[in-house]
Amino acid sequence: MDPKEIIARRVSLEIRPKTLVNLGIGIPTLVSDHLTENLGVFFQSENGVVGLGHRPAEGMTDRHLTDAGGTFTSAVPGASIIDSAFSFGLIRGGHLDLTVLGGLQVDAQGHLANWMIPGKFVPGMGGAMDLVTGAKKVIVAMLHSAGGVSKVVPECTLPVTSQRRVDLIVTELAVMAPLDDGLYLLETGPGVSVDEVVAATDADLIIKGDVPQMDLSRTA
């Protein structure tokens, strides 16, 4: 299975029925493809859509309906189109049950860096700071490394997005949870050993007992 699909599939198992969920740009947008509409989950995009559906088939796109990254999307029955002020009112008001965001780095304390690389042009911070601060639960969905360099680090060297600790980190190699006493390894990826995760991770991991592999056969 493609690494990004592994991540998206595993994150989808964290989404509960009848919740309001924000999906960030990149890998997080793949999460909705692994959920059925009968779960009653409403996906929110900070550009002003509540009720994002699956990506439309070729030829069925509507140029007026995109997600926050500008990718064409669809809308489920009951969806709403809202303005930016209302959208960020939902985010800042603590009404989101969950946000799933990509990451450039996450450190052992659970701090996320995902909005800026010093010296490089980026289109802007988007809603990342508001989402990490305002959502009830924050999951980071990202590849474990970039160019052979671990993105799970002892301390972020890039500017952090928020002082709030994220709740869960999901990569193609592992599921990890930052807690008060450190970063716990909860699961390994399909066919991945604990030793392989440790070798690929710059941050120290707390490992207790037998660590199971992700069960991607489950449904949300």
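## Helix H2 and its two sides

In this predicted model, helix H2 covers residues 84-92, and its buried residues are Ser87, Phe88, Leu90 and Ile91. Because these residues span an arc of only 145 degrees around the axis, they sit on the same side of H2. (The arc is taken from the directions from the helix axis to the C-beta atoms.) Turn to the other side of H2 and you find Ala85, Phe86 and Arg92, which are exposed. Here, buried means under 20% relative accessible area, exposed over 50%, and partly exposed in between, with a 1.4 Å probe and protein chains only.

What do the buried residues of H2 pack against? Their partners are strand S2 (42-45), strand S3 (49-52) and helix H3 (128-134), with contact meaning heavy atoms within 4.5 Å. After H2 comes Gly94, with a positive phi near 80 degrees.

Helices (H or I, at least four residues) and strands (E, at least two) are DSSP runs, numbered from the N terminus.

## A three-strand sheet

Next up is an open sheet of 3 strands, ordered S7-S6-S11 with mixed pairing. S7 (112-113) and S11 (152-153) are at the edges with a single partner strand each, so one side of each has no neighbour in the sheet. S6 (residues 105-107) pairs with S11 in the parallel sense over 2 bridges; two strands pair if DSSP finds at least two bridges between them. Asp107 stands opposite Val153 in S11.

## How to read this

Residues are numbered from 1 along each chain as its sequence is written. Local features need pLDDT of at least 70, side-chain atom pairs count only at pLDDT 80 or more, and totals for chains, interfaces and linings use all residues, while side-chain values use heavy atoms, leaving out hydrogens and water.
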